[in-house]
Amino acid sequence: MSDVVNYVTDRNVGVITVDNPPVNALSQAVRQGLLDAIRVAASDKTEAVIIHCAGRTFIAGADIKEFGKPHAEPLLPDLLNEIEASEKIVVAALHGTALGGGFETALACHYRIALASAKVGLPEVKLGLLPGAGGTQRVPRLAGVEAGIDLMINGSPIPARSAAELGLVDRVVEDDLLGAARNYAAELLDRDAPVRRTSELPVADVDESVFAAASVAAGKRARGQTAPQRIIECVRNATSMPFAEGQSRERELFSESMQDPQSAALRHMFFAEREAAKIIGLERDTEIREVKSVGIIGGGTMGGGIAMSFANAGFSVTLVEINKEALTRGLSIIDRNYEGSVKRGKLSTDIAAECRGRIGGATDYAALADVDLVIEAVFEDPDLKKDIFAKLDKACKPGAILATNTSYQDVDAIAAATSRPQDVLGMHFFSPAHIMKLLEVVRADKTTDEVLATVMSLAKRIRKVAVVSGVCYGFIGNRMLEGYFREAQLCLVEGGTPESVDAAMFDWGMAMGPISVADLAGLDVGFKARQALPEAERGDPAANRVPDALVEMGRLGQKSGTGFYRYDAETRKRSPDAEVHEIIEREAAALGIERRSIAAQEIVNRLVFALVNEGIQILAEGIAQRPGDIDVVYVYGYGFPAWRGGPMHYADSIGLSTVLARIEEFRERFGEENWKPAPLLEKLVGEGRTLAAWAER
Ligand code: T1G
Ligand code: NAD
C-alpha cells in the first residue's frame with residue numbers, strides 16, 4: 001500500500017493500518033494511503049473494513065505542519081465522505097487520543113469501538129480553527145446540538161466512556177483493541193447491521209436560544225476569539241441545512257478561520273510550546289538523574305503551591321519551615337487549597353487525600369539528607385537565600401539538585417554560596433504555583449547539562465510548560481514586565497485612571513489589566529524590591545510615585561483590602577476608589593505633569609511595545625533561546641492572549657518596522673531613558689527580516 005498506510009485482508013474483514021509516527025497525523029501521504037485502501041477494499045471480497053492505527057495513538061488530527069501550504073489532494077472532507085459512502089461496514093478502532101481530523105475520520109466510519117483508556121476530541125478551536133472535515137455536521141447528528149457545541153467550543157478531549165454515553169462511540173473495551181474490533185465487525189455482519197452513515201441521521205431540533213446562549217458563553221470564555229462563533233454558526237446550519245450544504249458552508253468558514261491571524265497565532269503557540277522544551281546545544285539523550293523525593297524550603301504563598309505540584313504528580317515532598325508555627329501555617333494553606341480543589345470538582349476527595357498524604361513537614365534540614373531535589377522559596381532576600389544554600393550544601397546528599405524560586409536574584413551568586421554550583425539552578429514558578437503552567441528554568445553559569453535536562457523532564461512530569469532562561473535581573477518574564485508596569489504607571493499619572501488603563505489592556509485581550517495585577521501581587525512586593533535597589537537603578541521616578549504613596553498609606557492591594565482599587569472583604573470584588581484618583585492627580589501635580597486624555601490604543605502601544613523592545617534585547621543577549629520561548633512565557637505566565645501569539649509573534653504579525661516607528665515616536669515624546677530601540681530591532685528592520693526568520697539562523 002504506502003509507507004504510512006497498510007491494508008491486509010483476513011478472511012472477510014479488511015484491516016487498514018495507519019502508521020505515521022509520532023501521532024499518525026493526516027499528512028497528504030496518509031490521506032492518499034487511506035483513499036487507496038478504501039478503494040481496494042470496496043472492490044475486494046471482504047465484507048467489512050476496520051481502520052486503526054499503529055503506535056501510541058489513533059490519528060491525532062490533520063498535519064498541522066501542512067497548514068498554510070497549498071492544499072494537496074485528496075482533501076480530507078472528500079476522503080471522509082468516500083469512507084462514509086462505502087457499501088461495506090467500516091469500523092474505526094480508537095486508542096490513545098483520537099483528535100480533530102482523526103476523530104472526524106472515526107465519525108465518517110459507520111461504527112466506532114474504543115479502548116477505555118482512549119480519549120476523543122475536537123481541539124481545533126485551540127488552534128483558532130473549527131472541525132473542517134464534517135465534524136460540525138456529524139457530531140450534532142450523534143450527540144445532539146448542545147453536547148456537540150460544548151465538545152467543539154471547549155476543545156478538550158473526553159474519555160471513551162463519556163463519548164459512548166453521548167453516542168459518539170458504540171463500544172468500549174479494556175484491551176486487545178484489534179481483536180475486539182474484529183469480533184465487533186463479525187457481530188455486526190452476523191446481525192446484518194446496516195451501513196450507518198452519520199450524515200444521513202437527523203439532527204434533533206433545538207430552540208434558537210441555545211445558539212444565542214452558547215454565543216454569549218463563548219464570548220465570555222474565549223474573549224476576543226473568532227473561532228468559537230464560527231463553530232456555533234456551523235452547528236446551527238446542521239439543524240437547518242441538508243448535510244452537503246452544511247458541510248460546504250463548514251468548509252468556507254474553515255478557510256476563513258485558516259486565514260485568520262488568530263489561527264496563525266494559536267498554531268504558532270502550539271509549536272512554540274513544544275520547541276521550548278528543546279534546549280539548543282543539548283543532546284536529546286542527555287543523561288538525567290532520578291528524582292523521586294523533593295524538599296521545599298519555605299511554606300508561604302509559593303512553597304505551598306510548589307509542594308502540591310510535586311505531590312499531585314506522585315512525588316514525596318518534605319516542606320521545611322523556620323519553626324513549628326510557620327510550618328503549621330504552611331501546611332494549613334495546603335489543606336485549604338486541596339479543600340478548594342475538591343469543592344470546585346477539580347480533584348476527588350480520595351485523590352486529594354492521597355496527594356496531601358505525600359506532603360510531610362519539618363523544621364530541621366536534616367530531614368532533607370536523602371532528597372533528590374530541593375527548591376528554596378523563602379523571602380526574596382539574596383543574603384538569606386545564600387545562607388540557606390550554604391546550609392543545604394552541608395545537609396543534602398551528593399548529586400541532589402538545589403534550586404531557587406527567586407523572582408529576580410542572581411542565581412550565579414546563590415550557586416557560589418555552595419561547593420557544588422554545578423548542581424544549582426533557578427526554578428521560577430508562578431503564583432498560584434499549583435495552577436499556573438509556566439516554569440522558568442534559570443540556567444546558571446555552572447549548571448551542568450545533566451541537571452538542566454533533569455529539571456526540563458521533571459517539568460513535564462509535574463505538568464508545567466518549561467522555558468529556559470539565562471541569568472539576569474528578573475530573568476525573561478519579570479525583566480520584560482518592568483517596562484510594561486512602568487508605562488502603565490506613567491499612563492496613570494499622565495491622565496489615565498486605574499479603570500481606564502486596565503480596560504484598555506483587558507479589552508485588547510490581556511487576562512487582567514496591569515493595575516489589577518499589581519494589586520493582586522501586592523504593592524509591597526514591588527516597593528521592597530525597589531527599596532533594595534540603589535536610587536539610580538529604581539527606574540523612572542514618575543512611575544513609582546503613586547505605588548510608593550499607596551504603600552506608605554498601608555494600601556498594599558488585595559491582601560490589605562485597598563490598593564489602586566477597593567476590595568470587598570467577602571467577595572474580593574474590586575471597585576474604583578475616588579481617593580486613589582485624588583492621589584494620582586496630587587502626585588501628577590507634584591511631578592509638574594499636565595494630565596491629558598489618553599486613548600486606549602496609546603496605552604496598548606506603550607505597554608506592549610515596551611514588552612517587545614525588552615524582549616528583543618533579551619534575545620540579542622541570549623537570555624532567551626528563541627522568540628517563541630518569550631511568547632510561551634507571556635502566554636502561560638502573564639495572561640498575554642494566546643490568540644495574539646505572544647509579544648514576539650505579535651510584533652512580527654504587525655511588522656517590526658511599525659513597532660520601531662512607534663518606539664521612535666515614543667522616544668521623541670518621552671525620552672531615550674525609557675525608549676531606546678533595541679539594536680537588534682533596528683538591525684532586523686534594516687534588513688527587512690522578521691524575528692521568526694532571525695530565529696531560523
Ligand atoms: N500535526 C503535526 N504534528 C503534530 C500534531 C499534528 N496534529 N500533533 C502532534 N504533533 C507533533 C508535535 O509537534 C511533536 O513534535 C510530536 O508530534 C509529539 O507531540 C480538519 C484541521 C496528540 C495529545 O490539535 O494535542 O485536525 O516536537 O509533544 O504531549 O478538522 O500533540 O516531537 O517534533 O504534543 O504526547 C487537531 C494536536 C489538528 C492535536 C500528543 N489536532 N496534538 O501529546 O506529544 S487540526 C490537534 C496534541 C484538525 C481538522 C482540523 C498532542 C497530542 P516534536 P507532543 P504529547
Ligand atoms: P512568603 O512570604 O509568602 O513565604 C516565604 C516563607 O519562607 C515564609 O513562610 C517564611 O516563614 C519562610 N522562611 C523564611 N525564612 C526561612 C528559613 N530560613 N527557613 C525556612 N523557611 C523560611 O513569600 P512567597 O511569596 O512565597 O515568595 C517566596 C519566594 O518565591 C521569593 O523569592 C519570591 O520572590 C518568589 N516568588 C514569589 C511569587 C509570588 O507571586 N509571590 C512568584 C514567584 C516567585
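A residue is counted as near a molecule when one of its heavy atoms lies within 4 Å of that molecule. In this predicted model, 23 residues surround ligand 2, and Met302, Glu321, Glu380, Lys385 and Ser407 are the closest. By character, this shell comprises 11 nonpolar, eight polar and four charged residues.

Several polar atoms of the protein face oxygen atoms of ligand 2. The side chain of Lys385 places a polar atom 2.7 Å from a ligand oxygen, and an N or O atom in the side chain of Asn405 is 2.9 Å from an oxygen of the ligand. From the backbone, a polar atom of Thr301 lies 3.0 Å from an oxygen atom of ligand 2. Taken alone, the ligand exposes 830 Å², of which the protein buries 81%. Two or more residues of the shell come from each of α12 (301–312), α15 and β15; α15 gives the most, with three residues.

The surrounding architecture may be followed from helix α15. This helix, residues 382–395, lies across β10, β13 (373–376), β14 (401–404) and β15 (424–429), and runs at about 170° to β14.

These strands belong to an open sheet of eight strands with mixed pairing, in the order β12-β11-β10-β13-β14-β15-β16-β17. Its edges are β12 (359–362) and β17 (465–469), each of which pairs on one side only. On average, neighbouring strands of the sheet are turned by 25° against each other, direction ignored. Strands of a sheet pair through backbone hydrogen bonds, either parallel or antiparallel. Strands β10 (residues 293–297) and β11 (residues 316–320) run parallel and are joined by five bridges; Ile296 has Leu319 of β11 as its bridge partner.

Notes:
Residues are numbered from 1 along each chain as its sequence is written. Chains are lettered from A and ligands numbered from 1 in the order in which they are written. This is a predicted model: local features need pLDDT of at least 70, side-chain atom pairs count only at pLDDT 80 or more; totals for chains, interfaces and linings use all residues. Side-chain values use heavy atoms; hydrogens and water are left out. Two strands pair if DSSP finds at least two bridges between them. Helices (H or I, at least four residues) and strands (E, at least two) are DSSP runs, numbered from the N terminus. Axes are lines fitted to C-alpha atoms, for helices over the stretch in contact, and angles run from 0 to 180 degrees between N-to-C directions. Contact means heavy atoms within 4.5 Å. A polar contact is a pair of N or O atoms within 3.5 Å; within protein, one must be able to donate a hydrogen and the other to accept it, and residues adjacent in sequence count only if both atoms are side-chain atoms. Accessible areas come from the Shrake-Rupley method with a 1.4 Å probe; for residues, only the protein chains shown count as cover. Ala, Val, Leu, Ile, Met, Phe, Trp, Tyr, Cys and Pro count as nonpolar, Asp, Glu, Lys and Arg as charged, and the others, Gly among them, as polar.
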